[in-house]
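Work through the three exercises below with the model open beside you, and try each task before reading its solution.

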Amino acid sequence: MDFQAVIDSLPRYAEPLLVTITVTVASAALALLVAFALGLMTSSKHLAVRTPARVFVEFIRGSSVVVQLFWFAFAMPVILGIQFDYLILAGIIALGLNYGAYSSEVVRGAIAAVPKGQLEASLAVNFTPFQRLRLVVLPQAWPEMIPSLSSFAIMLLKASALVSLIGVFDITGIARIIGGANGGANQLPHLALILVVYFVLAWLIWTGMRALERKAKRGVGINTRLPKTRAVAPPEEGANAAGGVL
Amino acid sequence: MNEWNNETVIEVFPAIWDGFIVVLQVTLVAGLIAVLLGLLVAIGERTGPAWLKRVVSGFFQFVRNTPLLVQLLFVWTATSLYINPDWSAFIVGSAVLGVHYASYTSESYRAGIEAIPKGQWEAATALSLPTHRVWGAVVLPQMMRRSTAAVANWVIAMFKEVPTLFAIGVLEMIAQAQKFQGQHYTGAVEGYTIAGILFLAASYPVAVAARRLENRLAKSHF
Amino acid sequence: MQNPTSDQPIIRFDRVDKRFGDLLVLDKLNFQVDPGERVTLIGPSGSGKTTILRLLMTLEKVTPAQDPAAEGGVIYVEGRPYSHMEKGGRLVVANERYLRQARQKVGMVFQQFNLFPNMNVLRNVTEAQVHTLKRGKDEAESKAKELLDLVGLSDRIDHYPSQLSGGQQQRVAIARALAMDPDILLLDEVTSALDPELVNDVLGVLRDIADTTSITMLIVTHEMGFARDVSNRVMMFDNGQIVEQGPPEAMFSEPQEARTQDFLRAVLAE
């Protein structure tokens, strides 16, 4: 293994690192938007609102993110007769929708977990349904969502590596290119390097989300001491995943 | 680019179906590894020496927080360079996938063990049960009830990540669609769509069954 | 159309039914309450007293009579239909918009306080004033401070509910309800979730309010001493019907009905 070669090639990682971060952050933002939209819709008492959202969530969750990525990149443009100027967009949409659908179950679960007495008190002071959502339900549900959402954010970071398969040059893509240039043997140190980079990024996300959680809990006057470790709930678990803190 | 073509759907289907069978085979092998290794890790964390516990949990924490794709590429390159270039991508890929998901299942098992009331351990000690009976008769049966649904859900999640193995040359569905495209200059659009639908058709009933299992276990009495 | 006048009842139940599935909780219930009256509802659990409060808070809807030709089944507040609204000369079940107007007159204090944990004490009392009554922030705050002073918590306005004792939370909840200037205040077992040593603080505040205001109160409680001091009338419920009613002195010292006697004996023995 030639570590000097890896060190020499570090500058070439700068832009791909930005791509990895962009894909992760942009699809996380999309996922959050989708999660709240679908989570609120699936919490609705109106069947006409709930059903399409439910179907969409099951449709996305039932299939594979890898297949969805290829589908959005190469099949959807053909079927809809559109063209992605940048494949990174296909990646962001596929990852954002997929993790948004999973996270919507977290949103739904956390909303459902707001005690009934809070809804009754909201009615007793005559809040409109929208005021109830904005002033009471969401501020209380939000801190409960963060642990599960942070697991999903880390999964999303990991899944961002998949965009290299559709030809986007993130750090995984560039590691394979640089390493592959002089035969397979040179790939190993590069792959090892990016494994460490991903681990550090995951740690940053985890640390940031914990700080966010502490802040959010303080906002509802909850004891801010968090458990040191927590089990990750499987993405399939749906509503139960809202209880990510074990 | 190609248009959607209904005839191509019929032509490409057998290839995608072959890929789907491979996905199921990988799921079986990797699933066994994930279920058993995860359990071993969870038990080892309780019973093994402290240094081993630190090494194992450090390793799995790293595995859990880095992409499966890069792990696959790393291990595949490493084994073919330094161990045996003849090992099949199927075996290496299944092993990596299994270990990756063992990092998740071990957490679910661990949570199941931690949820067992302290009194159960104390009662086992009070009865002077030998270690293997403590685990076999007291801890594992109670843990299983709490962990089974979560572990089943991880296996379903794993099933949907199998296509990642196409990156190291396992002939799953995406690889089959691309191969077909290479030979016939068409079929990728239809292939990816069929692949998505096959996943849906396979995973939805399993997910429903897992949910039912979860509810049943939650209601069971012991 | 009836014109509300001051000498007519502020609350009137006209043959009101309430079912939960097959369970009949209120059975053609008739009663009325005069403005400013304090009525305590007593009776075994499941007798329907809490349901009456929840119907008045519109947390539950009345069950339509099974015979469509049957009359009644309507709650009136201040002479106007409350559970129902007039539409084309007939009474139909009130829609949400009508209820929003109607329930403005009614406030409720809950057994479990139900303060908003994401708001501090001051915001708990101002939020609805600002958002429902559209009061200005300053007006809402001065009103809130006045009420928090009344319940003895002016030094806690920055605290969150989780930092308060149950008794303090319940006093904030009382201030929150009063801030809406209700004509009718519903008190649903407001001391049942409290540790015994905190009960008297809350009851003291309620006694003050009873003494200094003319708010109509419907009280569900097991505190018979409080009921005796505060109420003008005690109604004994069982199986969704009024067994017996009268002034507290008479009800507590010489109840006429066997069921009332049994109930009071059981409660006072505690």
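**Exercise 1: a strand and its neighbours**

Strand S8 (residues 106–109) of chain C and strand S9 of chain C pair in the parallel sense over four bridges, where strands are DSSP runs (E, at least two residues) numbered from the N terminus and pairing requires at least two DSSP bridges. The model is a predicted one, in which local features need pLDDT of at least 70 and side-chain atom pairs count only at pLDDT 80 or more, while totals for chains, interfaces and linings use all residues. Residues are numbered from 1 along each chain as its sequence is written, chains are lettered from A in the order in which they are written, and side-chain values use heavy atoms, with hydrogens and water left out.

Task: find which strand besides S8(C) pairs with S9(C), and state whether the residues of S9(C) are buried or exposed.

Solution. Begin at C:Met108, which stands opposite C:Leu186 in S9(C). Next, follow S9(C) to strand S10 (residues 216–220) of chain C, with which S9(C) pairs in the parallel sense over five bridges; here C:Leu185 has C:Met217 as its bridge partner. Finally, five of the five residues of S9(C) (184–188) are buried, that is, under 20% relative accessible area with a 1.4 Å probe, protein chains only. C:Ile184, C:Leu186 and C:Asp188 lie on one side and C:Leu185 and C:Leu187 on the other, so to describe both faces as covered is consistent with the definition of buried.

**Exercise 2: chain A against chain C**

Task: describe the contact between chain A and chain C, and identify its salt bridge.

Solution. First, 23 residues of chain A are in contact (heavy atoms within 4.5 Å) with 26 residues of chain C. The buried area, meaning accessible area (1.4 Å probe) lost on putting the two parts together and summed over both, is about 2,000 Å², with 56% given by carbon and sulfur atoms. Of the area that chain A buries against chain C, A:Leu123, A:Val125 and A:Asn126 supply 28%, more than any other three residues. Then look for the one salt bridge across this interface: the side chains of A:Glu120 and C:Arg54 meet at 2.7 Å, N to O, the rule being a side-chain nitrogen of Lys or Arg within 4 Å of a carboxyl oxygen of Asp or Glu.

**Exercise 3: chain A against chain B**

Task: state how many salt bridges link chain A and chain B, and what area is buried between them.

Solution. The contact takes 49 residues from chain A and 48 from chain B, and about 4,200 Å² is buried, 73% of it on carbon and sulfur atoms. The rule finds zero salt bridges across this interface.

Conventions: Buried < 20%, exposed > 50% of the residue type's maximum accessible area, 1.4 Å probe, protein only.
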